[in-house]
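Here are a few exercises to work through with the model open beside you. Try each task on your own before reading its solution.

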Amino acid sequence: MRLAILGPVRAWRRDEEIDLGSPQQRGLLALLLLHEGRPVETEAIVEALWGEHGPRGARGTVRTYVYRLRPILGDMAVIESTGSGYRLTVRDGTLDLRRFRELTAQAHRARRDGAAARAADLLRQALGTWQGRALSGVRGPFFDLERDRLEELRLAALEEVFDLELEVGGQSDLTSEIRAAVMEHPLRERLHEQLMLSLFRAGRRAEALAAYQHARRLLREELGVDPGPALRSLHSRILSESEDSPAPAGRGLSSALAPAPVPAQLPADLAVFTGRRGEIEELSLALRDAAHAPVVGITGLGGMGKTALAVRLAHTQRHQFPDGQLFVDLGGFKAPVSPLEVLGQFLRAVGVSRLPASLDESAALWRTTVSGRRMLIVLDAASTSEQVRPLLPASPGCAVIMTSPRRIVDLPGIPWLRLGVLQPEDALQLLAAISGARRVFAEQEAAMRLVQACSCQPLSVHVAAARLDARPSWTIDQIYAQLEDDLRQPVVMHEDCKIVDRPFREAQARMDAFHRDAFHLAAVPACSRLDAAMAAAVLDLPVNEATAVMEALVDAHVVEVGEDGAYHFLGLVKAFARRQALNGLGHEHCQQALHRLLRHCLTDTHTVGEEDLRAVLDQITDLPDTLVDMVSLALP
């Protein structure tokens, strides 16, 4: 069986075409094929086929389509139910889109190896898999968008084959083919550049200059802009050249089309990286979205290992991106790097030497340059959508891993992974990997207490391991006792404890004064959890306002929320925030919050356990007379 979506949606068994049914049924098959083996939720299928407001019974109609398609496709393309949707598995060599991708990937490898003629031939084969406008015969906004994405892939391959054949001396009618492409896509400046170069190399200098003037008038009339720097530069060089043909603008005269460099900028993977197997599996699956240019985000409190996870993930996936890997530290909120500066770094890394002056032109050149390539980009410590958006590739084949202290909510469609602490066993393994397994597992129970005192946070475990290394004669219990005192009731803050506190200070620095005070005050009670009503008592706010405040602290990653909806702090964060409350808000303010919480607990005892009630009571230094009788009645 052969399946096709690069043209009309069709299928053949041997040489006989198969009737795929109604346009909507073809649309379902096309949708599953576009996801290339990944599951598709039924709700997503309904929205793609009928829009946001599908007809009544649409889910049942989808089931009917699946029932009809299964016997048509047979065992060469199997539709499986996934519980919440469907997944289509296609055997190798039976889908034209897959064949197109394989051939373009082979062409890119051949070009990197200097085999330009071989690369051009492979791209011609890839373009031969197209039989018209992609996804013909299926309708709807989703398919319109996918059709545009696939067309961008085709045009990128077409422009690349023109480049290669201009370099090696391609087919005799290359100029007429380029001219036809220009007429079909008159706003693509790269095609105009290739037409000018083809004409000039054929000895038709006047026609090449006339082609520039035509492009210039067209861009002014249609868009109100002048040609970009690449086209202007080529025009100037044609004017100044008398004999030798100029190379395309943006490339050196010595080599018209040298193989594009393959950057490998990923930092070294951590030798002691531990755990995160589930997170890596989840993110790896998202990066395999071949129909788009997937972007995955990693967020969480500082010290959780966001960068380490991004780098490990990138190393595990780099074989999927043979055209290179780029890495940049965007500086976070404290020292954000401008997107124009980053685009300059990226463009130079992929072989572009002449850089536009404006952000918009640089972003457009970046998208054009990486179109058709398979590259992995790691954006570390991003801060805003304005910083990130110009750096994102537009066409399928590339992927982006992004880390940020907070979700960037105005970048829609990006799945965000909130990175938490390590599992206790993984934290213990990390301690052993750094400090030596023999010492750690000789005192395994004490070592487990130590990593739990570090809240199983990777940064804190690293600090504890450094103390172990610095004091080889101490027992782990001695290190544990010292670290407990230093982090929770410090007399003098040691330098390594300042390292542990740094992410918490950075998180509170991004808060306004109101939320910062709430962060500190909510950490004062020694109870293990706060539900919304308890938080309202502590913060002296109505329940709905207190809930909004606590949710904002969850978004800032300084507060955790459980499955029951109650809030709690990591031990290290609680110790830090409580110190800030005592030093900043003062003892009296903290005691008033505890009094309010105790009064709430005594009047609404079903929301708090006896252990938490006693913990709060022990913190109160002067119990008001009005509460003494209530305490005696509430506690045995």
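**Exercise 1: a cluster of rings**

Ring pairs join Phe504, Phe519, Phe569 and Phe576 into a cluster. Keep in mind that this is a predicted model.

Task: take Phe519 and Phe576 from the cluster, classify their pairing, and work out which parts of the chain the pair ties together.

Solution. Start with the geometry: a pair of aromatic rings is described by how far apart the centres are and by the angle of the planes. For Phe519 and Phe576, the centres are 6.4 Å apart and the planes make an angle of 35°. Pairing needs centres within 6.5 Å, and tilted covers what is neither under 30 degrees nor over 60. The Phe519 and Phe576 pair is therefore tilted.

Next, place the partners. Phe519 sits in helix α22 (residues 513-522) and Phe576 in helix α25 (residues 571-585), so the pair ties together parts 57 residues apart in sequence.

Last, check accessibility, with buried meaning under 20%. Phe519 has 0% relative accessibility, so it counts as buried. Phe576 is also at 0%, so Phe576 counts as buried too.

**Exercise 2: another pair, and two charges over rings**

Task: describe the pair formed by Phe346 and Trp366, then say which arginines lie over the faces of Trp12 and Trp474.

Solution. The structure holds seven aromatic pairs. In the one made by Phe346 and Trp366, the ring centres are 5.1 Å apart with the planes at 40°, so this pair is tilted. Phe346 belongs to helix α13 (residues 339-349) and Trp366 to helix α14 (residues 359-370), so parts 20 residues apart in sequence are tied together. Both Phe346 and Trp366 are buried.

Now for the charges. Arg2 lies over the face of Trp12, 4.5 Å from the ring centre. Over the face of Trp474 you'll find Arg471, at 5.3 Å from the ring centre.

**Exercise 3: the second largest pocket**

Task: find out how many residues line the second largest pocket and which element gives the largest share of the lining.

Solution. The volume of this pocket is about 1100 Å³. Its lining has 36 residues, with Arg149, Asp289, His292, Gly413 and Ile414 lying nearest the centre. Two or more lining residues come from each of β4 (40-41), α2 (42-50), α6 (141-168), α11 (277-287) and β7 (295-299). The largest share, five residues, is from α6. By character, the lining splits into 21 nonpolar, six polar and nine charged residues.

**Exercise 4: the enclosed space**

Task: how many cavities of 30 Å³ or more does the whole structure have, and what lines the largest cavity?

Solution. The search turns up one cavity of that size. The largest cavity holds about 60 Å³ of space. Its lining includes Ala522, Pro525, Cys527, Leu530, Tyr567 and Lys574. Phe569, from the ring cluster of Exercise 1, is one of the lining residues as well. Sorted by character, the lining has eight nonpolar, two polar and two charged residues.

**Exercise 5: one threonine**

Task: is Thr384 buried, partly exposed or exposed, and what does its side chain reach?

Solution. First locate Thr384: it's in the loop between β9 (376-380) and α15 (385-388). Its relative accessible area is 31%, so Thr384 is partly exposed. The side chain of Thr384 reaches the backbone nitrogen of Gln387 at 3.2 Å. Finally, Thr384 and Asp410 are 26 residues apart in sequence, with their C-alpha atoms 8.5 Å apart in space.

Note on methods:
Residues numbered from 1 in each chain as written. Predicted model: local features only at pLDDT ≥ 70, side-chain atom pairs only at ≥ 80, totals over all residues. Heavy atoms only, no water. 1 Å grid on protein atoms, 1.4 Å probe; cavity = no way out; pocket = protein on both sides within 12 Å on 5 of 7 lines; lining within 4 Å. Points joined across faces, edges and corners; volume = space filled by probe spheres on them. Helix = DSSP H or I, 4+ residues; strand = E, 2+ residues; numbered from the N terminus. Nonpolar A, V, L, I, M, F, W, Y, C, P; charged D, E, K, R; others polar. Phe/Tyr/Trp six-rings, centres within 6.5 Å; stacked < 30°, edge-to-face > 60°. Buried < 20%, exposed > 50% of the residue type's maximum accessible area, 1.4 Å probe, protein only. Lys NZ or Arg CZ within 6 Å of the ring centre and 35° of its normal. Polar contact = N/O pair within 3.5 Å; in protein donor to acceptor, adjacent residues only side chain to side chain.
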